[in-house]
Structures are given as structure tokens and as C-alpha cells.
Amino acid sequence: MEGPVCRVGWTYSKAGVDVSAQKAMEEQFIKKSKKLANGIGGYASSFNVCGEVTLHVDGVGTKTELLRKYSRNWVAGWDCLMVNANDVACEGFRVFAYVDYLAVERGDPVLAREVAEGMSKAAEALGAVLAGGETAIMPDVVKGYDVSCTVLGVREARPQPPRPGDAVIAVASNGPHANGYTLIRRLIQAGLLDPEPLLDFLLAPVANYHNPLLRAMKEGKAKWGAHVTGGAFYKVHSRLPKGLGVRLEAWEVPEGFVKIVEAAGMSAEEAYKTFNMGVGMLVVGSEEAVEAFEREGLKAWKAGEVVEGPTEIETPWGKVVIR
């Protein structure tokens, strides 16, 4: 009896997954990382760690579509690691190690190198070690690319609960950071927002709050931090102890956010629920915390105080009240 006959001549590569290209992509991540855990390239790596730790995962989201279009893919790698780092620093953890995940529409070693370069820069700034990762070519699932990473954080400081009367320090953002880009892209596609004059604003990398926040916590200048990401100031309010809010004075909203709000016809409530509006981190503590961030080249100022009751934010479009 004759066996089955293959009449099509399909290969994995013809189906859209070029294994050699995937291998080249993986090599770029390893080559660009200055510190590696033991066993990279096997099923699992190993490293020594003692004390209280945390694991946290996040990604860049649809900002990658604009980064790809305007050839700033390194920002995706930087953002991927830095959004995680800023989050865990709010809980008093220092990023010790990370694993990454890059999913692409088609094999692209150049893209992998660019993303890895940005991630490596962030890792160097944080003192973090690459502990492993995964790349995937998924032409039927991914359009463009998606990148995320998981970080291992070790306890370096312990936050203290905010109390009424505590000063609230605002630390400026570089731009939208990694939130609201689906809306931004819809505005661009509809011809309501011209991206060209705003590219440096729209594509700016996420600021590094991790290092100065942990330093301020250890020095007793900061007791609590909130990274202004998805959910923006509504998420910040939800993290406060029950019955407390923050009262924030108006600040100068960057022109890029003003243009987005006007193009979208957004209410103030929706704008401050979606975007950081120029403030990427809120810190509760003493006014001395301002210096810890300014030392890192970040703009910071006393923006208000912790109060009993709802959160109230003075904005150019009226007061926003969050309960």
C-alpha cells in the first residue's frame, strides 16, 4: 500500500514562521544584554535571590503601531521594562531581573535588535538582569508587533499609608507614556489630529521614576507613590486608603494633551481618566522629595495635599471630582 502523498510542499517558513529568523531575533536580545542569568537558552534560567520579592507584568500596547511607523522601535523596548519598574517601585521594590516576550507578524531580526537595544538601555539604567524570554512569529494573530515583559522585584523600601495633610508631589511625564494610544491613533486616522508636529511628544519614552522614588523612600522623603498609567487619576484615587483623596492645584497641561482633548471633544473627566495630562507620578511625603526627582533631571513640584473625602483636581476645563 502506498503511503500518503504530500502534494503541496508546505514548510513552516512558507506558512509564515521562519525559524531561522526567529533564532536570529533571540540572539539579538542576548547579545544586547550586558548581564545574563545562568542557563539562558535552556528551558529556564537560574539566579540567587533572598528576601521579599514580587513579580509584575505589563506591555507597551498599541503605541507600537506609531513607533513602528516612525522607526522608533527602541522606545518600545525601553517602555516595556520601565512601565513595570515604575509600578513595582511604588510598592517599594527594586527591579532585579526580567523576562521578555516579543510577538511579531513576520520574522524581523532588525526590529528585534532595535527593541532589544531599548530594553537593554532601560535594564542598564535600572541595574536589572535579563533572565530569559520568548519570541513568536504569528502572522495570523499579530499585526505589526507586541512586546511585554515580566519583572522580578526585591524589597528595598516599605511604603507608608498616606494621611490627611501629607504633601503630594507631582512628577512630570514625557508624554502619554504608554496609555491612550488606541484613541490617539483613531484621531489620527480620522484626520482630527496631525501627528507630525507632535511626534516627539507622542513617541517619547516613559520616564524613569523607579530610581528616584526608591531613593526618596529610603531617605524618608516619600512614603507612597502612584504611577499614573491606565485609568490615570481615577486609578490613583482607587489606591488611596478608603475615605481619603488628594486635592491637586492646576498645573500647566502640555500642549500635546490639549490638542488631543480638543480633537476628541473629551470632557475633563474622561481626559483625566485616560491620560496622565503631564503628570506621570504622584508621590506622598515631604516637599524634600522634589529634590530626589530633580536630581535625576525630572521636573517635580508640590501639587497639593492628601485630604479626607473625594479627590479634586483643578484643570483648564474645570474641576474634576473623583469619588
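**A friendly tour of the sheet and its salt bridges**

Reader: Which residue in strand 4 does Val57 stand opposite?

Author: Welcome! This is a predicted model, and we can begin with two of its strands. Strand 1 covers residues 53-59, and 7 bridges join it to strand 4, residues 145-155, with the two running antiparallel. Within this pairing, the residue opposite Val57 is Thr150.

Reader: In what order do the 4 strands of the open sheet come?

Author: The edge strands, each pairing on one side only, are strand 1 and strand 3. The pairing is mixed, and the twist averages 15° from one strand to the next. Reading across the open sheet, the order is 1-4-2-3.

Reader: At about what angle does helix 4 run to strand 2?

Author: Two helices can be placed against these strands. Helix 1 (residues 19-32) lies across strand 2 and strand 3, at about 160° to strand 3. Helix 4 (residues 109-126) lies across strand 2 and strand 4, and its angle to strand 2 is about 175°.

Reader: Is Arg94, which meets Glu156 in a salt bridge, buried or partly exposed?

Author: The side chains of Arg94 and Glu156 come to 2.9 Å, N to O. Arg94 sits in strand 2 and Glu156 in the loop between strand 4 and strand 5, 62 residues apart. Buried would require under 20% relative accessible area; Arg94 has 26%, so this residue is partly exposed.

Reader: How many salt bridges does the structure hold?

Author: Among them is the one between Glu312 and Arg247, with closest N and O atoms 3.7 Å apart. Another joins Lys319 and Glu314. The total for the structure is 21.

Technical notes:
Residues are numbered from 1 along each chain as its sequence is written. This is a predicted model: local features need pLDDT of at least 70, side-chain atom pairs count only at pLDDT 80 or more; totals for chains, interfaces and linings use all residues. Side-chain values use heavy atoms; hydrogens and water are left out. Two strands pair if DSSP finds at least two bridges between them. Axes are lines fitted to C-alpha atoms, for helices over the stretch in contact, and angles run from 0 to 180 degrees between N-to-C directions. Contact means heavy atoms within 4.5 Å. A salt bridge is a side-chain nitrogen of Lys or Arg within 4 Å of a carboxyl oxygen of Asp or Glu. Buried means under 20% relative accessible area, exposed over 50%, partly exposed in between (1.4 Å probe, protein chains only).
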